[in-house]
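Biologist: I am new to this structure and would like a close look at a single part of it. Please take the second largest pocket, and tell me which residues line it and what kinds they are.

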Amino acid sequence: MAAQIQASSPLPHPPKSIKSISRSPALTSIPPAYIFPSSPAADQSAPVGQIPTIDFSPLLSSSPDRRSETVADLRAACRDWGFFVVTNHGVPDGLIAAMIEAGRKFFEMAEEEKEEYRGGKKGVLEPIRCGTSFNSSVEKVFCWKDFLKAFVHPVFHSPSKPPGFSQVLEEYSKRTREVARELLRGISESIGLEPDYIAKKLDLEQGMFQLLAANFYPPCPQPELAMGMAPHSDHCLLTLLTQNGIDGLQVQHHGNWVDVKNLSPNSFLVNVGDQLEILSNGKYKSVLHRAMVNREATRISIAMAHGPSLDSEVAPSPELLGKDEGTRQLPAFKGMRYRDYLLLQQSKQLDGKSGLDVVRA
């Protein structure tokens, strides 16, 4: 469950960067503003082999049998875990490495160089923004991370620095978007719908919302007291994540926190988001996950969130409400425009799956 944060009000002066705090020569313990009341170790450790692995290539195959097998694998992975590793996806290893390196260079820039990307009149809907923690203007305890977020589709936005960042991001977002679209076709089929149902219903062909979320988790002198990201689910349909070889992600599975370890640098970790839970009427569920920190090494993760068009209303699919043994199901969720859901979830402090609680029927 999400950590319950004990404090009376948000802190008055959020820091600009955890990077600068973490590199202070005098730092031997973390500031009180970063201490979570409870940050237990993982209940079990799951080597990446235990998390389902999906070979992406059969989804593009001309063989119906190969595709059907992968669709069945997607069904089991979404139903049983809500997380899975994707291999053979066709995104070049060099491009993945270049994206991680571009993210590192952005975070290594002086804070003054990033100042133009802080704040903004549109708040969480600002197309390019960077900051620290998750939403430091309302949080009572800060997360041990800095972030960069950019809306990259349907309109491409990117920081103009460091040099080359925009070019790498544009190609990376294009290639990961192609993977996400094909995965969603397979997932649509896996749940008993036509392959293009989700794309047509939610205007993904032209309007798919794609968001870069790059995260920087520096070493922490007391990792047992801090968190890189509090427990949360993702607001979108699917998230594709890669990282710089440093572990830290934990996934909740059957009530236990599970370490995600040894993720291959040429694979993606994919998770089901809230919009897919809504559309599927709870058949596939978004999963709580969190980021832990360590004493020795900086972890960098690059997450690409893929959602409906911002103006699409997402509600349980009528085609699914009558599919269980001939009985008519009631909708588990009310419809909500994706733009409104995104604003709702991103404007608060992280609190488990509280966004979904708002739209439960």
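Modeller: What follows starts with the chain as a whole, turns to the pocket, and ends with the cysteines. This is a predicted model, and its chain of 361 residues, of which 55% count as buried, has a secondary structure of nine helices and 15 strands. Among the contacts in the chain with a separation of 6 or more, 81% are between residues 24 or more positions apart. The accessible surface comes to about 14900 Å², and carbon and sulfur atoms account for 52% of that surface.

The second largest pocket has a volume of about 230 Å³, and 15 residues line it, with Trp81, Gln252, Lys285, Ser286 and Val287 lying nearest its centre. Helix H2, which covers 64–80, and strand E9, which covers 249–253, each supply at least two residues of this lining, and the one that gives the most is H2, with three residues. As for the kinds of residue you asked about, the lining of this pocket divides into six polar, five charged and four nonpolar residues.

To set the pocket aside and close with the cysteines, the structure holds zero disulfides. Cys143 counts as buried because its relative accessibility is 2%, where buried means under 20%. Cys220 also counts as buried, because its relative accessibility is 1%.

Technical notes
Residues numbered from 1 in each chain as written. Predicted model: local features only at pLDDT ≥ 70, side-chain atom pairs only at ≥ 80, totals over all residues. Heavy atoms only, no water. 1 Å grid on protein atoms, 1.4 Å probe; cavity = no way out; pocket = protein on both sides within 12 Å on 5 of 7 lines; lining within 4 Å. Points joined across faces, edges and corners; volume = space filled by probe spheres on them. Helix = DSSP H or I, 4+ residues; strand = E, 2+ residues; numbered from the N terminus. Nonpolar A, V, L, I, M, F, W, Y, C, P; charged D, E, K, R; others polar. Disulfide = S-S within 2.5 Å. Buried < 20%, exposed > 50% of the residue type's maximum accessible area, 1.4 Å probe, protein only. Contact = heavy atoms within 4.5 Å. Areas by Shrake-Rupley, 256 points an atom, 1.4 Å probe, with all protein chains shown as cover.
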